[in-house]
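Colleague: Could we go through this model together? I should like to begin with the contacts, and with how the term is used here.

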Amino acid sequence: MTKTGEAPQDQAASVVLVTGPSGAGRSTAIRALEDLGYEVIDNLPLSLLPRLLDGPPPVRPLALGIDVRNRDFSISALIDTIDRLTGKGQFPAQVLYMDANEEELVRRYSETRRRHPLAPGGPPLAGIQAERDLLIPIRARADVLIDTTGMSPHDAKAEVERWFRTGEGGAKLGVTLHSFSYKRGLPRGMDIVIDCRFLQNPHWDENLRVLDGRDPAVAAYVAADPRFPPFFAQVKGLVDLLLPAHKDEGKAHLSIGFGCTGGKHRSVAMTQRLAEALAQDGWHVSKRHRELERRDAQGKREDAV
């Protein structure tokens, strides 16, 4: 989500100020920007920022993590910093605000058993509410606002990359293919969503029910549906048309979702098949299987109990 409605693809920001309520994904965003080639400085005191930025623009873009734990943090100081940066033409600057709703933040603090920095001796909810109220003026100044409610850290990282990846000379296009269950709603940030529920369902085969779409037997079952070959050909043809067009327009990332009833068989098989075909064509492709990842994460939590 952004106030401008379009990802800034034509020029990477020289300085990205990363902020937002504790637990909303600020650290994840910082790591994602570091992976994209940004020089990262986290928890920099605001009083030191003018000295850092005096002189010529940095050779590498900067990502500066700002939160309420900074020793000289204040809303007025942060707003002054934003005004100073956006007023200096030699420093293209943006504010990246990582957010999540109150219920999500409470859940995350409950799972990690961390203390909230604004309520170290009490329940996290009091600190969460105080911090969200404190940051309202900064949220309103955000150039890019990412709501991580319902996202895994991987999802949040991918969303940051979608906004800030420039590729090689701005020319490289990344493609992420997602499988998901319609029961759990659409994944966030999809550019294209395609329904696979009309294909024959391996769930009704007892031998295949316990497997998922990554298994060759399940993939073969789905592909054996007479409707699958023309369906796949049409989807592949559409993607072959769209990817070069999006690349020519300077788009850095395209997300395509495939959904089925449970997000385990048909959508997974389709995602796997298309990812393999696009990789063979030379595209940079990543895969996400939302329901399978949730199942694996749930299993790890149960094992840890």
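Modeller: Contact means heavy atoms within 4.5 Å. Please bear in mind that this is a predicted model.

Colleague: What share of the contacts with a separation of 6 or more comes from residues 24 or more positions apart?

Modeller: Such residues account for 78% of those contacts in the chain.

Colleague: How many helices and strands are there?

Modeller: The chain has eleven helices and nine strands.

Colleague: And what percentage of the residues is buried?

Modeller: Of the 305 residues, 43% count as buried. The chain exposes about 15200 Å², and 51% of that area is supplied by carbon and sulfur atoms.

Colleague: Let us take one helix. Which residues of α5 are buried?

Modeller: In α5, which spans residues 124-134, the buried ones are Gly-127, Ile-128 and Glu-131. Viewed down the helix axis, these buried residues fall within an arc of 100°, so they line one face of α5.

Colleague: Turning to pockets, how much space lies in the second largest one?

Modeller: Its space comes to about 290 Å³. The lining of this second largest pocket comprises 20 residues, and those closest to the centre are Met-151, Asp-155, His-178, Pro-187 and Arg-188.

Colleague: Which elements supply at least two residues each of that lining?

Modeller: They are α7 (153-164), β6 (174-181), β8 (253-260) and α11 (290-304). Of the lining of the second largest pocket, α7 gives the most, with four residues.

Colleague: What is the make-up of that lining by class?

Modeller: The second largest pocket is lined by eight charged, seven polar and five nonpolar residues.

Key: Residues are numbered from 1 along each chain as its sequence is written. This is a predicted model: local features need pLDDT of at least 70, side-chain atom pairs count only at pLDDT 80 or more; totals for chains, interfaces and linings use all residues. Side-chain values use heavy atoms; hydrogens and water are left out. Buried means under 20% relative accessible area, exposed over 50%, partly exposed in between (1.4 Å probe, protein chains only). The arc is that of the directions from the helix axis to the C-beta atoms. On a 1 Å grid over the protein atoms alone, a cavity is a set of points where a 1.4 Å probe fits but cannot get out, and a pocket is an open set with protein on both sides within 12 Å along at least five of seven lines; lining residues have an atom within 4 Å of a point. Grid points are joined across faces, edges and corners, and a volume is the space filled by probe spheres set on the points. Ala, Val, Leu, Ile, Met, Phe, Trp, Tyr, Cys and Pro count as nonpolar, Asp, Glu, Lys and Arg as charged, and the others, Gly among them, as polar. Accessible areas come from the Shrake-Rupley method with a 1.4 Å probe; for residues, only the protein chains shown count as cover.
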